[in-house]
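Work through the exercises below with the sequence and the 3D view open. Try each task before you read its solution.

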Amino acid sequence: MSNTITKSKVIKRNGFSFIGSSIRTSNEVEMKRKGSIPQLWESFYENKVLDSITNKKDSTIVALYTNYESDETGIYTYAIGTEITDSEKTSEGLESFEIADDNYIVFTTRKGSIPEVVIEAWQEIWDWSEDRERAFKTDFEVYGEKAKDPQNSQVDIYISVK
């Protein structure tokens, strides 16, 4: 593994409630530049989705990977939104998810342009996971305080493990 990301030991993270805009996609489609993830991000910002969520825990943006069909080669749900305080309240047009307590390894990107460092980190995660036991339950990227400047950001990526 190169020096572009760092990883933690396995940690236990409490579950949480999430709400956001979602799509079904696959890594194959996304890597062929025919995917919908960039358009989902564009729509998220254009429509001020984060501002429309009244019961958000804070202003941290979370990108969720869940409902895996199989592994990194299958279809999954990708959602952009945030952690919420009350899962009973939902915003129209958004999908809610309940994320269970789970074990994760946290990968932290180097600082740089968001698209560049996130894609780079995922390529390293795929290389790392070839001989590891990923759970393929829910993985997520956290765009918190360290990701406020899109040109000089650092993102934490939580990978669920068995």
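**Exercise 1. Explain why Asn55 counts as buried, then find what surrounds it.**

Step 1. Apply the cut-off: buried means under 20% relative accessible area. Asn55 has 3% relative accessibility, so it counts as buried.

Step 2. Place the residue. Asn55 sits in the loop between helix 3 and strand 4.

Step 3. List its contacts beyond four places in sequence. They are Ile84, Thr85, Asp86 and Lys89.

Step 4. Look for a polar partner. The Asn55 side chain reaches the backbone oxygen of Asp86 at 2.6 Å.

**Exercise 2. Establish how far the model can be trusted, by the predictor's own confidence.**

Step 1. Note that this is a predicted model.

Step 2. Take the overall figures. Mean pLDDT is 92 for the protein, and 98% of its residues reach 70 or more.

Step 3. Compare the elements. Strand 1 has the lowest mean pLDDT, 84, and strand 4 has the highest, 98.

**Exercise 3. Describe the surroundings of strand 4.**

Step 1. Count burial. In strand 4, 6 of the 6 residues are buried.

Step 2. Sort the side chains by direction. Ile61, Ala63 and Tyr65 point one way. Val62, Leu64 and Thr66 point the other way.

Step 3. Find one pairing partner. Strand 4 runs antiparallel to strand 8 (residues 138-143), and 6 bridges join them. Thr66 has Thr138 as its bridge partner. Ala63 stands opposite Glu141.

Step 4. Find another. Strand 4 also pairs with strand 5 in the antiparallel sense, over 5 bridges. Here Val62 is bridged to Gly81.

**Exercise 4. Work out why strand 8 is described as largely enclosed, and trace its pairing with strand 9.**

Step 1. Count again. In strand 8, 6 of the 6 residues are buried, so the rest of the structure largely encloses this strand.

Step 2. Split the directions. Thr138, Phe140 and Val142 point one way, while Asp139, Glu141 and Tyr143 point the other way. Buried positions here include the acidic residues Asp139 and Glu141.

Step 3. Follow the pairing. Strand 8 and strand 9 are antiparallel, with 3 bridges. Phe140 pairs with Tyr158 of strand 9.

**Exercise 5. Map the nonpolar cores.**

Step 1. Recall the general trend. In soluble globular proteins, nonpolar side chains tend to be buried together.

Step 2. Start with the largest core. It has 36 residues. Trp41, Tyr78, Phe107, Trp122, Ile125, Tyr143 and Ile157 have the most contacts inside it.

Step 3. Ask which elements build it. Those supplying at least two residues each include strand 3 (16-26), helix 2 (37-46), strand 5 (75-84) and strand 7 (102-109). Helix 4 gives the most, with 8 residues.

Step 4. Inspect one hub. Beyond four places in sequence, Ile125 touches Ile5, Phe107, Arg134, Ile157 and Ile159.

Step 5. Turn to the second core. This separate core has 12 residues, among them Leu64, Phe140, Val142 and Tyr158.

**Exercise 6. Check the span of helix 4 and find what its buried residues pack against.**

Step 1. Check the span. Helix 4 has 16 residues and reaches 22 Å from first to last C-alpha, close to the 22 Å expected at 1.5 Å a residue.

Step 2. Mark the buried positions. They include Val117, Val118, Ala121, Trp122, Ile125 and Trp126.

Step 3. Relate the spacing to direction. An α-helix has 3.6 residues a turn, so residues three or four places apart point the same way.

Step 4. Name the packing partners. The buried residues of helix 4 pack against strand 1 (5-7), helix 1 (27-31), strand 4, strand 7, strand 8 and strand 9.

**Exercise 7. Compare two further buried residues, Leu50 and Thr77.**

Step 1. Take Leu50, in helix 3. Its relative accessibility is 12%, so Leu50 counts as buried. Outside its sequence neighbours within four places, Leu50 contacts Phe44, Lys56, Ser59, Ile61 and Thr82.

Step 2. Take Thr77, in strand 5. Thr77 is buried, because its relative accessible area is 6%. Its side chain makes a polar contact of 2.9 Å with the side chain of Arg24. Contacts of Thr77 beyond four places in sequence include Ser22, Leu64, Asn67 and Phe97.

Notes
Residues are numbered from 1 along each chain as its sequence is written. This is a predicted model: local features need pLDDT of at least 70, side-chain atom pairs count only at pLDDT 80 or more; totals for chains, interfaces and linings use all residues. Side-chain values use heavy atoms; hydrogens and water are left out. A nonpolar core is a set of buried Ala, Val, Leu, Ile, Met, Phe, Trp, Tyr and Cys residues joined through side-chain atoms within 4.5 Å. Buried means under 20% relative accessible area, exposed over 50%, partly exposed in between (1.4 Å probe, protein chains only). Helices (H or I, at least four residues) and strands (E, at least two) are DSSP runs, numbered from the N terminus. Contact means heavy atoms within 4.5 Å. Two strands pair if DSSP finds at least two bridges between them. A polar contact is a pair of N or O atoms within 3.5 Å; within protein, one must be able to donate a hydrogen and the other to accept it, and residues adjacent in sequence count only if both atoms are side-chain atoms. The expected span of a helix is 1.5 Å times one less than its number of residues. pLDDT is the predictor's confidence in each residue, from 0 to 100.
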